[in-house]
Amino acid sequence: MPEKLIYTPYRVVYQKDKFEKIKKEGWCFPSTLSFLLNDSCNHKCIGCDAMDFKSNKSFPLSKIPDLIKDLKEMNCKNVEFCGGGEPTMHPDFEKIVRMFYENGFILGLITNGSLLKEKVIDNDLVKCFNWIRVSTDASEAKMHKKIHGTDDFDKIVENIRELVNVNKEKNNSKTNISLRFLLYEFNVADMIHMYNLSEELGVNAINFRSARNCSNQITPEQAEKYERFLKLLKEENSGHVSIFGTLKKSELKTKQCYLHWLWAIVTSSGDVLLCCWYQGRYKTHVVGNVFKNTLVDIYKGEAYKRAAKQLNSNKELLNMCNNYDCRYHKYNEIYEEWDREGDIILFI
Ligand SMILES: C[S@@+](CC[C@H](N)C(=O)[O-])C[C@H]1O[C@@H](n2cnc3c(N)ncnc32)[C@H](O)[C@@H]1O
Ligand code: SF4
Ligand code: SF4
């Protein structure tokens with residue numbers, strides 16, 4: 001894939017064979033697994049979209065081989081460790097990462113960064129990850145505490161610094177390291193300091209997003225003003241850090257969601273979800289459980305097709321797609337364009 005495409009929604013064009021299958025048969029196997037390894041977390045973020053689901057559950061190590069077998073059967077090669085809670089807190093995190101790595105999966109990690117040293121760097125796991133994204137959200141300790149509720153900002157910064165060094169010294173800089181800044185009404189003005197911190201730490205990229213479906217969200221006026229600032233920052237960027245993201249609210253503009261099939265979600269309790277944005281509609285989003293059936297059978301089965309049909313025929317459920325800036329909003333538009341035009345026109 002050309003590098004230009006990697007950070008745009010048009011990267012989905014590489015899934016055209018899956019588009020064909022969805023069009024013909026109404027379903028396809030996933031390309032990526034988002035693995036919500038465990039529900040517990042050592043932080044208490046004010047806007048955490050997973051806060052209602054914290055239960056101290058961890059996905060059992062003994063069930064990992066079955067999951068790996070299924071993913072191989074489905075040719076699903078990408079696995080991102082996410083949460084639920086904080087994935088590095090899983091008691092068997094190291095073993096699980098190694099099992100996936102040794103089986104040839106392309107791995108990503110989304111973390112709050114607090115345990116990067118103990119769980120990733122000291123266990124020599126950096127090389128196992130294709131990318132690591134740290135949810136930093138602030139450029140200094142006071143703001144970080146206000147958002148994350150903890151006193152570990154300085155430790156996280158030192159962890160990121162060491163991660164970048166280890167990646168350079170021992171890993172030929174093969175792991176892409178990025179920082180995520182989730183913006184609220186009270187930290188949006190700090191974007192320039194967030195950029196400076198990223199430059200100082202030497203990460204590969206920073207990514208700005210608006211916190212959604214929570215209190216203290218940025219106002220429409222702030223969104224407009226700081227979107228202009230972000231555009232300028234991107235245009236004038238002469239540093240080493242790539243800048244991504246937008247503060248614009250994204251919306252589902254297509255008649256339905258066609259592509260959720262591409263992205264499997266497995267939770268710590270084995271539930272398989274229709275997509276990552278299950279908040280407020282968990283019951284209708286569950287399509288099976290990997291402790292009862294294989295992921296392959298769940299994907300091929302009737303329960304998943306029924307849940308997809310229910311979502312796409314129910315306005316209230318579909319409206320909830322607009323609670324977050326789902327990247328599939330744009331993917332679905334690209335799918336409709338492909339379906340209408342018989343191809344996809346690239347504007348880049
Ligand atoms: C739920 S966290 C789990 C992984 C890890 N604990 C972390 O914080 O990176 C996964 C991602 O969800 C994002 N997130 C959490 N609450 C959000 C919200 N209200 N709106 C948008 N994104 C949110 C965070 O920025 C984070 O990158
Ligand atoms: S660190 Fe992640 S999982 Fe933990 S509270 Fe914050 S957003 Fe939620
Ligand atoms: S939030 Fe909606 S559009 Fe996004 S993946 Fe889920 S169902 Fe599809």
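With which residues is F105 in contact, leaving aside its neighbours within four places in sequence? In this predicted model, the contacts of F105 are K77, V79 and F100. F105 itself belongs to the loop that connects α4 (93–102) with β3 (106–111). Although F105 lies in a loop, F105 is classed as buried, because 20 other C-beta atoms lie within 10 Å and the threshold for burial is 20 or more. A further relationship links F105 to K72: the two are separated by 33 residues in sequence, while their C-alpha atoms are 9.1 Å apart in space.

Strand pairing was examined next. Strand β5 (residues 176–183) is joined to strand β4 (residues 129–135) by five bridges, and the two strands run parallel. Within this pairing, W131 has N176 of β5 as its bridge partner. Strand β5 is also joined to strand β6 (residues 205–210), here by six bridges and again in a parallel arrangement. In that pairing, I206 of β6 is the residue opposite L179. Strand β5 thus has bridges to β4 and to β6.

Helix α14 comprises the 14 residues 328–341. At 1.5 Å a residue the expected span of α14 is 20 Å, and the end C-alpha atoms are 19 Å apart, which agrees with that expectation. The buried residues of α14 are Y328, Y331, N332, I334 and Y335. These cover an arc of only 160° around the axis, and therefore lie on the same side of α14. Such a pattern can be read from helical geometry: an α-helix has 3.6 residues a turn, so residues three or four places apart point the same way. The buried residues of α14 pack against α2 (16–25), whereas R340 and E341 are exposed on the face turned away from the buried side. After α14 comes G342, which has a positive phi near 80°.

Two ligand environments were also examined. The residues surrounding ligand 2 are C41, H43, K44, C45, C48, A50, G83, G85, E86, N112, S135 and H148. By class, this shell around ligand 2 consists of four nonpolar, six polar and two charged residues. Ligand 3 is surrounded by L252, C257, H260, C275, W277, L311, C321, C326, Y328 and H329. The shell of ligand 3 contains eight nonpolar and two polar residues, and no charged residues. Y328 appears in the shell of ligand 3 and is also one of the buried residues of α14.

Note on methods
Residues numbered from 1 in each chain as written. Chains lettered and ligands numbered in written order. Predicted model: local features only at pLDDT ≥ 70, side-chain atom pairs only at ≥ 80, totals over all residues. Near = placed C-beta within 6 Å. Nonpolar A, V, L, I, M, F, W, Y, C, P; charged D, E, K, R; others polar. Helix = DSSP H or I, 4+ residues; strand = E, 2+ residues; numbered from the N terminus. Expected span 1.5 Å × (residues − 1). Buried ≥ 20, exposed ≤ 12 C-beta atoms within 10 Å, placed from the backbone. Arc of directions from axis to C-beta. Contact = placed C-beta atoms within 7 Å. Pairing = 2+ DSSP bridges.
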